[in-house]
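Trainee: I'd like to learn how to read pockets and cavities. Can we go through an example together?

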Amino acid sequence: MEFIAHRGASAHAPENTLASFKKALQMKARSIELDIAESRDGRLVVIHDDNLKRVAGLPGRVETYTAAQLKKMDAGSWFSERYSGEGIPTLEDVFELVGKKAEINVEMKGGCRIYPKIEEKLYRLLKRRALKSQVLISSFDHEALFHFRALDSRARIGYLLGRTSLSRAFEEMADLKAESLNLSASQVSAQIVSQAHRKGFKVLVYTVNKIEEARRLDKIGVDGIFSNFPEMKNDF
Ligand code: G3P
Ligand code: MG
């Protein structure tokens with residue numbers, strides 16, 4: 001079973017910052033998950049929420065700030081004073097840091113209805129950096145996944161289930177030629193795993209921070225888990 005560093009090694013450093021991705025690489029994570037949004041000046045930036053309140057203590061939505069402003073924010077102090085001044089990176093900063101050392105799961109937090117042309121921007125960036133095979137694109141916004149598929153017939157797509165019914169999800173995943181069904185630990189079951197496998201899809205489960213739960217999921221055939229503790233794989 002694969003261990004995917006959720007928002008980086010986010011139990012050890014502030015989520016979705018270069019510090020948390022560095023930690024994940026130090027821990028030899030082979031795969032890293034992160035979330036993206038778009039800045040006011042149209043850059044892809046790495047942040048989970050659509051606003052700055054939780055991680056930077058500032059008002060307003062992400063898309064009202066430029067990438068340069070986001071980079072200068074303090075998105076580290078909320079986690080620990082040790083990380084004060086840790087900024088909100090661009091996706092390019094992360095690609096630069098990670099290089100070929102790990103796979104990256106880029107989760108689009110919202111498609112073009114929230115962030116204009118986010119799918120196209122991501123597509124162009126992956127093409128420019130020749131990263132298509134190293135990156136899994138995922139989203140709860142399934143329309144955004146269809147937009148991405150229309151741009152790239154060979155993209156690797158992870159379908160985040162959310163509140164969609166399983167039967168509809170499997171239909172959409174077949175149309176999308178998705179690689180994986182990504183769902184929460186409370187949604188997954190042995191039956192879902194075998195159904196997905198029969199249809200040729202992998203199953204990736206978030207967010208698993210306890211070794212006993214990881215073992216249970218491994219037993220039912222789950223292919224990968226997202227964890228804030230990627231080092232857990234060493235005890236596995
Ligand atoms: O992609 C798996 C997981 O990251 C989805 O939930 O809210 O942590 O982005 P969230
Ligand atoms: Mg995510």
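Mentor: Sure, and let's start with a sorting rule: Ala, Val, Leu, Ile, Met, Phe, Trp, Tyr, Cys and Pro count as nonpolar, Asp, Glu, Lys and Arg as charged, and the others, Gly among them, as polar. Keep in mind that this is a predicted model.

Trainee: Into how many nonpolar, polar and charged residues does the lining of the largest pocket divide?

Mentor: That lining has 4 nonpolar, 5 polar and 5 charged residues. The pocket's volume is about 150 Å³. Two elements, β2 (31-38) and β4 (103-108), each give two or more residues to its lining.

Trainee: Which residues lie nearest the centre of the largest pocket?

Mentor: Look for His-6, Glu-33, Glu-107, Phe-140 and Tyr-206, out of 14 lining residues.

Trainee: And what takes up the space of the largest pocket?

Mentor: Ligand 1 does. Its surroundings are His-6, Arg-7, Glu-33, Asp-35, His-48, Glu-107, Lys-109, Phe-140, Leu-160 and Tyr-206. Sort that shell by class and you get 3 nonpolar, 2 polar and 5 charged residues.

Trainee: How do I read polar contacts, and which cut-off applies?

Mentor: Look for a pair of N or O atoms within 3.5 Å. Try it on ligand 1: one of its oxygen atoms is 2.8 Å from an N or O atom in the Lys-109 side chain. For the side chain of Glu-107, the distance from an N or O atom to an oxygen atom of the ligand is 2.9 Å. With Asp-35, a polar side-chain atom is 3.2 Å from a ligand oxygen. As for cover, ligand 1 on its own has 290 Å² of accessible area, and the protein covers 90% of that.

Trainee: Now for cavities. What makes one a cavity and not a pocket?

Mentor: A cavity is a space where a 1.4 Å probe fits but cannot get out, while a pocket is open. Here the count is 4 cavities of 30 Å³ or more.

Trainee: How much space lies in the largest cavity, and which element gives the largest share of its lining?

Mentor: The largest cavity holds about 80 Å³ of space. The element you want is β4, with 3 residues. At least two lining residues each come from β1 (2-6), β4 and β8 (202-206). Among the lining residues are Glu-2, Ile-4, Glu-103, Ile-104, Asn-105, Lys-202 and Leu-204. By class, this lining has 4 nonpolar, 3 polar and 5 charged residues.

Trainee: What volume does the second largest cavity have, and how does its lining divide by class?

Mentor: Its volume is about 60 Å³. The lining divides into 6 nonpolar, 4 polar and 1 charged. Asn-16 is one of the lining residues, and so is His-48. You've met His-48 already, as part of the surroundings of ligand 1.

Trainee: What about the backbone: what is the phi of Asn-16, and where is this residue placed?

Mentor: Phi is a backbone angle to check for its sign. Asn-16 has a positive phi, about 55°, although it is not a glycine. You'll find Asn-16 in the loop between β1 and α1 (18-26).

Trainee: And which residues does a cis peptide bond join?

Mentor: Here you read omega. The cis bond joins Tyr-206 and Thr-207, with omega about -25°. Thr-207 lies in the loop between β8 and α9 (211-219), while Tyr-206 takes us back to the pocket, as one of the residues nearest its centre.

Definitions and conventions:
Residues are numbered from 1 along each chain as its sequence is written. Chains are lettered from A and ligands numbered from 1 in the order in which they are written. This is a predicted model: local features need pLDDT of at least 70, side-chain atom pairs count only at pLDDT 80 or more; totals for chains, interfaces and linings use all residues. Side-chain values use heavy atoms; hydrogens and water are left out. A residue is near a molecule or strand if one of its heavy atoms lies within 4 Å of it. A polar contact is a pair of N or O atoms within 3.5 Å; within protein, one must be able to donate a hydrogen and the other to accept it, and residues adjacent in sequence count only if both atoms are side-chain atoms. Accessible areas come from the Shrake-Rupley method with a 1.4 Å probe; for residues, only the protein chains shown count as cover. On a 1 Å grid over the protein atoms alone, a cavity is a set of points where a 1.4 Å probe fits but cannot get out, and a pocket is an open set with protein on both sides within 12 Å along at least five of seven lines; lining residues have an atom within 4 Å of a point. A molecule sits in a cavity or pocket if more than half of its atoms lie within 2 Å of its grid points. Grid points are joined across faces, edges and corners, and a volume is the space filled by probe spheres set on the points. Helices (H or I, at least four residues) and strands (E, at least two) are DSSP runs, numbered from the N terminus.
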